[in-house]
Amino acid sequence: MSFRVASRDERRDAIVVSDMSVAWDNIVCQRTAMNNSGKPDENQRELFEQTIVPHLNAAYNLARWLTRNQHDAEDLVQEAYLRAFRFFGGFHGGDGRAWLLAVVRNTCLTWLSKKTGGAAVAVEFNEQLHGDATAPMDAENAMIRDSRIDSLRDCVETLPVEYREIIVLRELEELSYRQISEIAGVPIGTVMSRLSRGRERLLDCMEAKS
Amino acid sequence: MTCKSALSLIEAYIDGELDAAQAAEVRRHLDECLDCAVAHQRLTRLSADLRTLAPRYIAPEDLRNRIMQSVGRQPVAIPRRRAITSWAIAATVLLAISAGWNAMLLQPRKTAGDAVAQEIVSSHVRSLIGDHLLDVPSTDQHNVKPWFNGRLDYAPDVKDFAAEGFALIGGRVDYLDRRPVAALVYKRRQHVINLFVWPSTSALAAPDAVSGFNLVVWNQAGMQYCAISDLNEAELRQFADLYRR
């Protein structure tokens, strides 16, 4: 049997998760305190389908970037949806996407903190992506573009998770500082400073690769 | 404005988080200061790269089905028309009943505009599942407009804003507010915008955001327009302003 010391990234992930769990507990306590009905009824199920299910792609995208692999992202999104459904009695309208993403984030970070001694996370390249209609390019430009895509993906994936999640929520989900602060359970000032440091690291990483 | 304070605001400026007065100050400083302009350009380029080059992963279809099953629903490959109808009926019934009852079942203060807005969200979401988005895939407005002939009893105005970064990708006929309506489909980076157009003399009062989607509605020349997307609010408004022009 062999033992492996958690990598620096994993340890850092674990530290972030501990302050995150507190934020999550606060959300759940607030929500469940207001929820005296227990299990969601049929009307709530309908409302859940209207307000939470539509954000599956946002949920999956966040989970995919946090876990860095497809298989775990799928499992964690499913788990997050079950949790969201269970706590849905406490959802009082408003931003369904932000509410769901807070659940997804917590589910993923909890998983990351528990994951010790796991094998290196495989990176897959053949996933179905939002294909933008791209203008015809000559081979050389296409190659430069492809290598830029790979570099960018590598740089985002190697960011510490506390920066990675903020970058994904801001740049890919295009959420506002206020929404990100709700999802991550941190003040707006912290969102701004993590975003700024994350971007600085990305720029350094991209420059090192070019 | 000093470089120090400008640098601290550049990111909030790029992210559209400054108020108009602060944004104007930063813009003025960027015009005068080369160092800050370079920093601004670097960050803007990073942001553009992330949005256009970094993958935004899409959930596999069977995950959607697994989730629907796990919350006690049959999997729905093709979302049911019934869902909207029953929703519309439910909303109408709810309107008739007291406000207290409303608040218990749904969000507080449900209005007719909210009910249509919810239908619009359902249509938007349905359009993104499988290949329901386009009946007529075409980036040419001169193909899309005539396609609606005979399918609708009115002719929607079809415009393309590819040059401004909102490319027309096609259209379809959808069903909203108890009538068939034109849905024009645009793309901004990885975000799909559905623009619903139908004749109406009274302006629809819909909220700016429903369930995390942004909505912009306007009424012009006897037509009701509603743009919906997960695109950020500022850019969706920019799209609406282009269209209204």
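Helix axes here are lines fitted to C-alpha atoms over the stretch in contact, and the angles between them run from 0 to 180 degrees between N-to-C directions. The model on screen is predicted, and the tour begins with a pair of helices to which that convention applies.

**First stop: α5 and α8 of chain A**

Select residues 96-114 of chain A, which form helix α5, together with residues 177-184, which form helix α8. Their axes lie 8 Å apart and meet at an angle of about 40°. This angle makes α5(A) oblique to α8(A), because the oblique class takes the angles that are neither under 35 degrees, nor over 145, nor from 65 to 115. The crossing of the two helices is right-handed.

Next, display the side chains at the contact. On α5(A), select A:Ala98, A:Leu101, A:Ala102 and A:Arg105; these meet A:Gln179, A:Glu182, A:Ile183 and A:Ala184 of α8(A). Coloured by class, this contact shows five nonpolar residues, one polar residue and two charged residues.

**Second stop: α7 of chain A**

Keep α8(A) selected and add residues 161-172 of chain A, helix α7. The axes of α7(A) and α8(A) are 10 Å apart, and the packing angle is about 140°. The two helices are therefore oblique to each other. α7(A) passes α8(A) in a right-handed crossing.

On the α7(A) side, the residues to select are A:Glu165, A:Ile166, A:Leu169 and A:Arg170, and on the α8(A) side A:Ile180, A:Ile183 and A:Ala184. By class, this contact has five nonpolar and two charged residues, with no polar ones.

**Third stop: chain A as a whole**

Now show the whole of chain A as a cartoon. The chain contains nine helices and zero strands. Of its 210 residues, 39% are buried. Among its contacts between residues at least 6 apart in sequence, 77% join residues at least 24 apart.

**Fourth stop: the nonpolar cores**

Which residues have the most contacts inside the largest nonpolar core? Select A:Ala59, A:Tyr60, A:Leu62, A:Ala63, A:Val77, A:Leu101 and A:Val104, within a core of 63 residues. The element that gives the most to this core is α5(A), with 10 residues.

Centre the view on A:Ala63. Apart from neighbours within four places in sequence, A:Ala63 is in contact with A:Ala73, A:Leu76, A:Val77, A:Val104 and A:Cys108. A second, separate core has 39 residues, including B:Val158, B:Leu176, B:Leu215 and B:Phe239.

**Fifth stop: chain B**

With chain B now displayed, the cartoon shows nine helices and seven strands. The chain has 245 residues, of which 33% count as buried. Residues 24 or more positions apart account for 52% of its contacts with a separation of 6 or more.

**Last stop: where the two chains meet**

Finally, show both chains and select the residues at their contact: 40 from chain B and 47 from chain A. On the side of chain B that touches chain A, the elements giving two or more residues are α1 (3-14), α3 (34-53), α4 (61-70) and α7 (112-128) of chain B. α3(B) provides the largest share of this side, eight residues. Coloured by class, the side of chain B that touches chain A has 20 nonpolar, 10 polar and 10 charged residues.

Technical notes. Residues are numbered from 1 along each chain as its sequence is written. Chains are lettered from A and ligands numbered from 1 in the order in which they are written. This is a predicted model: local features need pLDDT of at least 70, side-chain atom pairs count only at pLDDT 80 or more; totals for chains, interfaces and linings use all residues. Helices (H or I, at least four residues) and strands (E, at least two) are DSSP runs, numbered from the N terminus. A crossing is left-handed if the near helix is turned anticlockwise from the far one by less than a right angle, and right-handed if clockwise. Two residues are in contact if their C-beta atoms, placed from the backbone, lie within 7 Å. Ala, Val, Leu, Ile, Met, Phe, Trp, Tyr, Cys and Pro count as nonpolar, Asp, Glu, Lys and Arg as charged, and the others, Gly among them, as polar. A residue is buried if 20 or more other C-beta atoms lie within 10 Å of its own, exposed if 12 or fewer, and partly exposed in between; C-beta atoms are placed from the backbone. A nonpolar core is a set of buried Ala, Val, Leu, Ile, Met, Phe, Trp, Tyr and Cys residues joined through C-beta atoms within 7 Å.
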